[in-house]
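Please open the structure in a viewer and keep the sequence panel visible beside it. The tour below proceeds by selections, each followed by a description of what is found there.

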Amino acid sequence: MRYFKFQLHQLLTNRKNLAVIGIALVALLCQFIFFPPNKVPAELPTRNALTRDRDKNMAFVNEPHGSMTAKWVPATREFANIETRMLKAQKQQHTQSYVKATLHYLAFLGQNAANPDAQSSPFHYPLSYYFENRQYPDADAAFANATMYRSLEPLAKQAHPDIATVKQQTFWQTLFRGASGGWLTALLIVTILFANDLLTSEQRHRSIARLLPVSPWYAINYKTLTVFTALSGFLVVVVAIIAAFVIPQHGLGSLSAAIAYYAKDGMSIKLDPLALSIALPMLLGLTVLLMWLFIRLNLLCQLLFHNELVGLVISAFLLFGEPLYFMHGLAFSVPQTAYYLPGYMNPAAIISGLQNFRYDTSRMSPLAAVVVIGSVILILELVLFIVTHRRRAAIIK
């Protein structure tokens, strides 16, 4: 226990680590203050955006047309009518009518934005998908459109659905949306930096070995526990910040609210509801597995190479290596993608089925993530055990 306390003290008093924590918390605060992640999803346009698009569509209908654009006039008129219904429901604060009109809006957009002649049509998915320099803008937009439609269907049956739930602004929904938007990636980066710092601090305080003799195997286990303890405190602070901003405005929400899980079985596509009471624990479980993987990987790299930079490089490749898989001349998508570890670095994409949509498969399920990540962890554990039990092995010299 003394060794654990010493490690935790070293981790939390290191200026570099305090800077990492401070930057992460400031970035989170700035997101809520300047770029609120709990704002309306892009698939649910604001009143101003709806008014602008409706007026633009009506102007398109009323202007002269040639043979290339005339064919879009009836569809554009219908789309403008749907937008008018949404605006009317918003003005009257009739949430059920708004949800029903929004379902028509999403269905209409999904049909026409994917039209082969879309370049000459006035229909498109939210432009934010293309302005944000996404790797898969069309796939991301089509997936979000379809899953938003599926998640709104149960709410359309309620007489007075909660508008915060409709717009996915409640606390539980914000947690999942934030995880999809990059919060988990930031957490894994902090995990890697913390794990790496334990190695460099060890080199500066080797005299501890004379005071607290600890075997190499127990040393790396204590170090792993140290990082998890520090990250648990960090997560508590982060969740408290999110709760402080979201709950007073939009409420806690219900864990029975569902996201849509996308899966493909042969030629059949399924969008099944998945309750947040199931999705959030799955999200936490996969995140913990990834955190454990990166911690143990960095410890193993230090034992094998005696250089903390090796662990950083390999961790960065795993965390951000998925785009490399699709670079022309380097790699390509094949069925074996389901066993490709960097494809599982975003647990929210696995749980929602976004990876299944991108890779045109149904294999990248949460269970597959556990198998792939867990297999790598087992290999790491085996190698760590062998290395730390060699006669000359020692993490502390």
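**The strand pair**

Begin by selecting Ala 260 together with Pro 273 in β2, which is its bridge partner. Elements are named from DSSP runs, with helices being H or I runs of at least four residues and strands being E runs of at least two, numbered from the N terminus. The model is a predicted one, in which local features need pLDDT of at least 70 and side-chain atom pairs count only at pLDDT 80 or more, while totals for chains, interfaces and linings use all residues. Residues are numbered from 1 along each chain as its sequence is written, and side-chain values use heavy atoms, with hydrogens and water left out.

Extend the selection to residues 258-265, strand β1, and residues 268-275, strand β2; the two run antiparallel and are joined by eight bridges. Two strands are taken to pair if DSSP finds at least two bridges between them. Next, select Gly 266, which has a positive phi near 70° in the hairpin of β1 and β2, where two residues lie between the strands.

How many of the eight residues of β1 are buried? Six of them are, so β1 is largely enclosed by the rest of the structure. Here buried means under 20% relative accessible area, exposed means over 50%, and partly exposed lies in between (1.4 Å probe, protein chains only).

**From the strands to helix α8**

Select Thr 147, a residue of helix α8 (residues 137-156). Thr 147 is in contact with Ala 260 and Leu 271, leaving aside its neighbours within four places in sequence. Contact means heavy atoms within 4.5 Å. With a relative accessible area of 11%, Thr 147 is buried.

**Helix α6 and its two partners**

Keep α8 selected and add α6; their axes come within 9 Å and cross at roughly 155°. This angle makes α6 roughly antiparallel to α8. Angles under 35 degrees count as roughly parallel, over 145 as roughly antiparallel, 65 to 115 as roughly perpendicular and the rest as oblique. Among the residues making the contact are Leu 103 and Leu 106 of α6 and Met 148 and Leu 152 of α8. The contact of α6 with α8 comprises 10 nonpolar, four polar and two charged residues. Ala, Val, Leu, Ile, Met, Phe, Trp, Tyr, Cys and Pro count as nonpolar, Asp, Glu, Lys and Arg as charged, and the others, Gly among them, as polar.

Now select helix α5 (residues 73-92) with helix α6 (residues 95-113): the axes come within 8 Å and cross at roughly 155°. Axes are lines fitted to C-alpha atoms, for helices over the stretch in contact, and angles run from 0 to 180 degrees between N-to-C directions. α5 is therefore roughly antiparallel to α6. The residues that make the contact include Phe 79, Ile 82 and Met 86 of α5, and Tyr 98, Tyr 105 and Phe 108 of α6. The contact of α5 with α6 divides into 10 nonpolar, four polar and four charged residues.

**A buried leucine in helix α10**

Move to Leu 188, placed in helix α10 (residues 171-204). Is Leu 188 buried or exposed? Leu 188 is buried, its relative accessible area being 1%. Apart from neighbours within four places in sequence, Leu 188 is in contact with Thr 287, Leu 290, Met 291, Phe 294, Leu 319 and Met 345. Add Leu 319 to the selection: Leu 188 and Leu 319 are 131 residues apart in sequence, and 8.2 Å apart in space from C-alpha to C-alpha.

**Two loop residues**

Select Gln 168, in the loop between α9 (163-166) and α10. Gln 168 has a positive phi near 55° and is a residue other than glycine. Its relative accessible area is 17%, and Gln 168 is buried. Then select Asp 360, in the loop between α16 (354-359) and α17 (366-388). Phi of Asp 360 is likewise positive, near 55°.

**The whole chain**

Finally, select the entire protein chain, which has 17 helices and two strands. Of its 397 residues, 48% count as buried.
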